[in-house]
Structure formats: C-alpha cells, structure tokens
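Work through the exercises below with the sequence and the model at hand. Each task is followed by a solution in steps.

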Amino acid sequence: MEKNTNILLLECFMRGETSPDEERILSDWLHSQEAKEQLSNYYQETWKGSNNKLIAEVQGRMFERVKSQMHNAAQELNRLKQKRTMRIRRLFQYAAIILLIIGAGIGGHLYTVSLTEPTVTDKSYLVQTGKGQRANITLPDGTVVWLNSYTQLHYNANYGATQRVVSLTGEAYFEVAKDKEKPFIVETAGMNVEALGTTFNVKAYREDSQIIATLFSGSVRVSSDRDNVILSPDENATFERSSGKLIMHKLDNSSYAKMWRNNDLVFNGETLEEIAVLLNRMYNVQIIFKSERIKKHRFSGVICNNSLDNVIELISLTSPITYETRGDTIILGNR
C-alpha cells in the first residue's frame, strides 16, 4: 500500500517527529472531506496487512471496534470545526486510538518516566518509584539501574569503596560496570544475585509468590539460603517463597523480562486476578471483580506502548468480560 504525504505525516506525529507547521497541515487535512476516505482506506489496509494471529471471532470484534472508533472520530472532527482554539493534539488522539487497536502496539505510553534523585537516610541512599512511575539512576561506579513501578533501591553511602551491594524491593534492570575486584550484589528478601559485569533483571515484589532473576549477558550467581546456581545468558532463576526452592530455567525469549523498560506488557497465561495486581502497580488503579469466576480467566499476549484504557480494551476483546471505569477504579463483569 502506497501511503500519501498526509498518512506519512500522521505516522510521524505518532512517533513525536512532527514540527508545529506539520501539525497545522495535519489539522487542516483532518478537517477535510478527503481525510475520512483516506483514513478509512488506510485503516482497512493496515488491518488486512497486520500479523494478528487472534481467532476469527476476536478479529471480528476488534474490527467492529475500529469502525466504531472511526465513527466517533468523524463526529469529533465535525464538532471541533466550531472550536478552532482547542489544542491540535486533541484532534489526533482518535486516529491514535484506532491505530492502537489495529496494531495492538502503536502509540500511547504506559508510564510516566521519572528521574529520581537519591534520598539520604542515615548514611545510605534510597531511590524509589511510586505506582505508575519509573526511574533510572547511575551508581557511583557507573552501573546503570532502571527501576520499574513501585520499587525501592537502597545502597550505602560508601558504595563502591570496598563493596558494591544494593538492596531491592520491586523490579529493576541492571547494566553492571565491570570491576573484577568488587562483585556487584543485589540483595532481596529471599534471594541474592552476584555479578561482575553483566546485564540482568530482578523482579522481587513483596506480594509476589516468586522472585525472578533473568540474565541477558555475562554471568551471575544466584543464591538462596539453601541453594545457588550460575546463570548463562537466556536463563533465569526462580525462587519460590513458599517452598524455599531455587529453580533454573532455559528461556525461549529472555527479552520478555526487560520489555517493561520500553513500556510493553507481556502476559503468559496469567489470571485476571494476577494481572489486576500488575495494573495496580503500573497505573495506580483498583480492579474490582463482580464475581470470583472472572478472576480465573487467563490472558496471554504482548501489549506494546499502550495506555491503561487500551490494555483493558484488548484484554476484554479476548476474554468473556465487560468493564466499566469509574475514576481510578475499573469494574470487571461477565459478558
């Protein structure tokens, strides 16, 4: 499908690459009659060309939702003709929504990325993120750490002088600076990870039943009170809190463990009850279930660069559920 100039400009806008002059051009085009036909053709061709592997019933529901969003977009554009003073980006969000549903991953953002200054507490430093936030920090030795939502990282004021030890609650991705004399150690409540120079991810939320360390490059030693294992790239170690067992796994796609840094969500058969815990961390929202049965529904898939509304929307399209949003609360019911 050959794309015209306006479609190419729209895609540039979705990537944040347009200038104010180009956005004015887009605004004029979206108000024109030809835009409706061109967008319709573009969305249909994009839908046909997508690599969507969902079952036919789900595809049908998704395409019906696309047509509904297109109708809403047309109505909004007509209304905004009377209110030219409104911000230009309001015009484009409707096109973005449709693209999100078609591609299940174009546009949108999951989190507010925050750069957090360490807080000094009794000769130690604390870096923390709230629900719905992320942060990154460079430690004194050059090690770079990305913190996921609702995470705390502690380290002593003399970090790097004689040892390199950090304490983690939550989830973080580490790019460890090499220092053969001082191993880098991540301490969690139940499992420690030791490295010299490598990249790995540690997920250690208090409320989770497991602590998981995933290795991407280099080598790490993972230890608990009873066991220890050496990981190679594309392996992880899982510590079961209830049994105290430490188990090593070979992974088909280790990159899933670090996709949160790019605002992507990966689900591998988790129940909606488990997903509700994650959404509470990521977006600071409460999920209410109208029945216990709904909690047991499972969902698998990768959702890229999506807002909370689109995450819930896509899950509802593949599960027999309905949803209702009331402020910071989402209510799930049976369809």
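**Exercise 1.** Which residues does Thr238 touch, leaving out residues up to four places away in sequence?

Solution. Take contact as heavy atoms within 4.5 Å. Thr238 then touches Gln210, Ile211, Ile212, Lys245, Leu246, Ile247 and His249. Next, place the residue: Thr238 lies in strand 14, strands being DSSP runs of E of at least two residues and helices runs of H or I of at least four, both numbered from the N terminus. Last, Thr238 counts as buried because its relative accessibility is 5%, where buried means under 20% relative accessible area with a 1.4 Å probe and protein chains only.

The model is predicted: local features need pLDDT of at least 70, side-chain atom pairs count only at pLDDT 80 or more, and totals for chains, interfaces and linings use all residues. Residues are numbered from 1 along each chain as its sequence is written, and side-chain values use heavy atoms, with hydrogens and water left out.

**Exercise 2.** Describe the open sheet that contains strand 17.

Solution. Count two strands as paired if DSSP finds at least two bridges between them. Three strands then give the order 17-20-19, with mixed pairing. Strand 17 and strand 19 (321–326) each have a single partner strand and stand at the edges, so one side of each lacks a neighbour in the sheet. From one strand to the next the twist averages 25 degrees, with axes fitted to C-alpha atoms, for helices over the stretch in contact, and angles running from 0 to 180 degrees between N-to-C directions. Strand 17 runs parallel to strand 20 (residues 329–334), and four bridges join them. Phe289 has Leu332 in strand 20 as its bridge partner. Helix 6 packs on the sheet, touching strand 17, strand 19 and strand 20, and its direction makes about 160 degrees with that of strand 17.

**Exercise 3.** Which residues line the largest cavity, and which helix gives the most to its lining?

Solution. On a 1 Å grid over the protein atoms alone, a cavity is a set of points where a 1.4 Å probe fits but cannot get out, and lining residues have an atom within 4 Å of a point. The structure holds one cavity of 30 Å³ or more. The lining consists of Leu272, Ile275, Ala276, Leu279, Ile287, Phe289, Ile312, Ile315, Ser316, Ile321 and Leu332. Helix 6, strand 17 (286–289) and helix 8 (308–318) are the elements that give two or more residues to this lining. Helix 6 gives the most, with four residues.

Methods: 1 Å grid on protein atoms, 1.4 Å probe; cavity = no way out; pocket = protein on both sides within 12 Å on 5 of 7 lines; lining within 4 Å. Points joined across faces, edges and corners; volume = space filled by probe spheres on them. Buried < 20%, exposed > 50% of the residue type's maximum accessible area, 1.4 Å probe, protein only.
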